[in-house]
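Got the structure open? Let's walk through it together, one question at a time.

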Amino acid sequence: MRINKKNWKNIFLIGLLLLLTVVAIATTTYTITFNYDTDELSGDVATLYFDYGNGYSENLSSYVTIDGDKVTFPLKKYREIRKLRFVPVREAGKKSEIVSAEIKTGNFSIKKLSEDNLVNLLTENSNVLVQNSGIYVEKKEGEDYNQLEFPSTLIRYKKRIIPLMMEAIRKLLCFGALIIIGIVAYYVGSSRPLFPKSPIYSRCIIGLILVAEYFITQNSKWLIAGVGFFIVFLLIGKLGLIWNSTQKRSAYFNLVVLSGYSFLISRIALDDGILFFGYLVLLFLVTGLLIGIFNEKTESTDKDSKGNIDIVQISGLYVRVMIVYILFYIMKNILINSNYDVMTAVYNCDTQIALMNITWMFIFISVLYFFLGNGIANVLFAILSLVLLIGNYIKISYHDTYLTPMDFWQIGDMIRISGSIVDKRLLIGIVVLCVGFVILLIKFRKQVAKYLIPHINVVAGIVTCIVCVFCTKDFLDDKYMEAYNVGYKWYVTAYIGEETSGMYLYNMFNVAHMGDNAVTKPEDYTEAHALELKKEFEEYKTGESTDTFPNIICIMAESLFDIENIDSLTFNQEIEPTIHKYMKSTLISPRFGGYTAAVEYEALTGHSLYFYKDGTMPYTTYYSGKTVNSVASELKKDGYATIACHPNTGDFYSREKAYSKMDFDKMYTIADFDLSDSDYTVAGYCRDIPFADKVIDIMDSQTSPTFLFGVSIAGHYTSEDHYAKTDITVEGNDLTDDDKHILEQTAAAYQESDEMLRKLIEYVDECEKPTILYVFGDHLPPLPMYEKLNYIENPVNKYGTVLVGYSNYKDIEFPQYMTPNQLGPQMLIDAEVEHNSYWDYIYSLREKYPVIQKEFISTDAAENLETYRFIQYDLMFGKKWMLDDVGE
């Protein structure tokens, strides 16, 4: 039998329906809901960790906002789950009782568990109070989270087929009903044009209804929005729909992709608000494509047809927005989780957060499409996508965090960093592709110019712009924060911010708040209040100043931590004997895997990155034209020579300028080092021993009391070769030869850092003048095998670095854990020199808050740190009333 065009379309439709039926059954997901005895936890965040056979991981987890007295988690890869760990509350001071749980597929329940059932299923690794068959949980400040661990039998149920099929049928009906309504409405409307001589009126009416649809979905039940959907297609039928037959293949492709995606997320379609609006947008595109494919005579014949919408082009925009979103999560899973399963990334798009993100970005790009045309809109979106994908690749690889607008303020540093991150062959390939692309542009310049000719659709552009403005405003006003935990959260880490808001919205929030950089003037910021605080701070004075004036050497060692603290590794020799002997405390870094200059900012100023957005680099963001009071400023007033030393260029992180703003007399850069070839690592960095020699030479050349702050570089990015030969070997479970090589290179760097510390301690002992030495690590290195090592799941391990204090005339004591903001006041108080009283207040915070870091301190504690925030705002952005010579 010959298949004509009509039969082909019918076969395609039947095949599409069969495909969707299979997808309905295969993708019907499971959820688990835990019920609390109170709704007082509503708005807090609960976490569910999954063990698929390789142990728990922070990356294999779901963060969900508690809704009233319950919290619901998706059970990803349901059949592969071996164990679950439930952390029911995050904020300290909150407690509750877990009273029941329920396993569901879509809207249908497959298993209910009472409190007794849950108690019987708890494993020995659970950390909760079980009393009178009840499960009681409470998060206390400074303690580990309460957690419930269950075996997979918690979620298993043999008779789940019937509810599974019922949910699949529900999805089919939910998906198909509105499409059928839209098609019927279109054909009813197409029988008679509304304004045959003035189609612009029809477009304006449709535009008004589309805007109304947004507000209806935000404020009314979904059924009313469904009626609006019918009216829209009724009027589109009266107007006619442009169908470009030359894009037939694109139409079929777009239809399959959008049908599949709209079908996947139909399980959340009946939620009110932005979710149902996003679902309607999808169904609008699917319905329009179906109408176009099965009725090519829908082309408008009026003279003003240019004002109509090309449904193939606009649906193609949606497909591209969705594909980029999936590509981001594929990249994220590979770089962060070492997970090469593409379906895991696809699952990330089958969520409420994904639908919000894709909907918002599609509306935003549609504004560009209607005002600038298809060509320019696609080019701009391609550039944006490349920036997001390549920028995040570099940031995740080097800093283990995400791209933020702040990074473009240090674009030069980022380009330099990319040279050590991106494989040289890949860089060459990119250059070749760029050259080839330019050649093609020149060769086909006429076609390119034609493609980029703007085709403006004023009515559609205005309508889409109005919807975009109100939709963006709703997100920025945190309209969806309570229900979905989607909103701007400057006070959390980038991981949680992106995890809870999604890739597109996370970047939108960062761009929208780029101007404030999370630095707002305190409500009580007045000179009178500053004077009151200065008087209050006199009570925090710790001892009297003396005329000892010791020399002070403070060294920040690149990426230095106790690598032998990783229990799963075994080295053939001790790597850091000197550190083990003299290490006084664990320094909790505010950053992981990078941001060296941000860490030293804390140490030198006593300020805290806790009050800034993630990704902030104060040297490049805030230091333009400002003077910043620092440890060097205080010591300089006491007659000290203040010197910085770093074997790199002075413009990296704008250090040289930043140091001058902090009252350093001089910065020694790599140009001031006299090094031989053997003084460099294979990667081209100054080794730690010649760096220590330079520090000693500088100190010996001084005649007055001296403060020297040095930053080493040998431990920088040890994933690349540093040493041609090393006799260090390492063993560990599941380590590849490449993993072992990187760890051996890292250990060799730390062995030399340990030798640097030994040499500096010997120098201090030989000094006749009182001398104090501080050595600390800035952050952990960005090693690629952390997942295998099972080390950084504990935040103390993830952020814990070395802290050594040594003196030839007194004991140096630290708290067990502290953040770098405590180092500045520590140095001034240990040296017994005159200093501004606010340093004593910061020092006093260690009694209750020795660690001020976003992953260690609850958001409630921020209220108790308002005085600290006042000080930091005044010194960085205000009138500097806190200084002794101002405001007296």
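Q: In what order do the 8 strands of the open sheet stand?
A: Keep in mind that this is a predicted model. The 8 strands make an open sheet, and their pairing is mixed. Reading across it, the order is β15-β14-β16-β11-β18-β19-β13-β20.

Q: Which strands stand at the edges of that sheet?
A: Look for strands that have a single partner strand each. One side of such a strand is left without a neighbour in the sheet. The two that fit are β15 and β20 (817–818).

Q: Are β13 and β19 paired in the parallel or the antiparallel sense?
A: Strands of a sheet pair through backbone hydrogen bonds, and the pairing can go either way. Here strand β13 covers residues 583–588 and strand β19 covers residues 800–807, with 5 bridges between them. Their sense is antiparallel.

Q: What is the bridge partner of Ser 585 in β19?
A: β13 is made of residues 583–588 and pairs with β19. Follow the bridge from Ser 585 across to β19 and you land on Leu 803.

Q: What angle does the direction of helix α26 make with that of β18?
A: Helix α26 runs over residues 737–766 and packs on the sheet. Along the way α26 touches β11, β18 (771–777) and β19. Its direction and that of β18 make an angle of about 170 degrees.

Q: Which strands does helix α29 touch?
A: Helix α29 (residues 823–831) packs on the sheet too, with its direction at about 165 degrees to that of β18. The strands α29 touches are β11, β13, β16, β18, β19 and β20.

Q: Is Leu 708 buried or exposed?
A: Find strand β16, residues 706–711, and you'll find Leu 708 in it. A residue counts as buried when its relative accessible area is under 20%. Leu 708 comes in at 0%, so Leu 708 is buried.

Q: How far apart in space are Leu 708 and Ile 555, C-alpha to C-alpha?
A: In sequence, 153 residues separate the two. Still, Ile 555 is among the residues in contact with Leu 708, along with others including Ile 643, Val 695 and Met 699. From C-alpha to C-alpha, the distance between Leu 708 and Ile 555 is 8.2 Å.

Q: Where is Ser 559, a residue other than glycine with a positive phi?
A: Phi of Ser 559 is near 60 degrees. With a relative accessible area of 1%, Ser 559 is buried. You'll find Ser 559 in the loop between β11 (551–557) and β12 (570–571).

Q: Is Asp 663 buried, partly exposed or exposed?
A: Asp 663 lies in the loop between α24 (655–661) and β15 (666–668), and its phi is positive, near 70 degrees. Partly exposed covers the range between under 20% and over 50% relative accessible area. Asp 663 has 31%, so Asp 663 counts as partly exposed.

Q: How many residues of helix α21 are buried?
A: Helix α21 covers residues 596–605 and is mostly covered. Among its buried residues are Glu 600, Tyr 601 and Glu 602. Just after α21 comes Gly 606, with a positive phi of about 80 degrees. As for the count in α21, the buried residues are 10 of 10.

Q: How do the directions of α15 and α18 relate to each other?
A: The axes of helix α15 (residues 458–476) and helix α18 (residues 503–512) come within 11 Å and cross at roughly 85 degrees. Angles from 65 to 115 degrees count as roughly perpendicular. So α15 and α18 are roughly perpendicular.

Q: Which residues of α15 meet α18?
A: On the α18 side, the residues are Leu 505, Met 508, Phe 509 and Ala 512. By class, this contact has 6 nonpolar, 1 polar and no charged residues. On the α15 side, you'll see Thr 472, Phe 475 and Leu 476.

Q: Which strands stand at the edges of the open sheet of 4 strands?
A: This sheet has the order β3-β2-β5-β10, with antiparallel pairing. Its twist averages 20 degrees from one strand to the next. Each edge strand has a single partner strand, and these edge strands are β3 (61–65) and β10 (148–151).

Q: What is the bridge partner of Leu 84 in β10?
A: Strand β5 (residues 83–87) and β10 run antiparallel, joined by 4 bridges. In β10, the partner of Leu 84 is Phe 150.

Methods. Residues numbered from 1 in each chain as written. Predicted model: local features only at pLDDT ≥ 70, side-chain atom pairs only at ≥ 80, totals over all residues. Heavy atoms only, no water. Buried < 20%, exposed > 50% of the residue type's maximum accessible area, 1.4 Å probe, protein only. Contact = heavy atoms within 4.5 Å. Axes fitted to C-alpha atoms, helices over the stretch in contact; angles between N-to-C directions. Parallel < 35°, antiparallel > 145°, perpendicular 65-115°, else oblique. Nonpolar A, V, L, I, M, F, W, Y, C, P; charged D, E, K, R; others polar. Pairing = 2+ DSSP bridges. Lists of a residue's contacts leave out its neighbours within four places in sequence.
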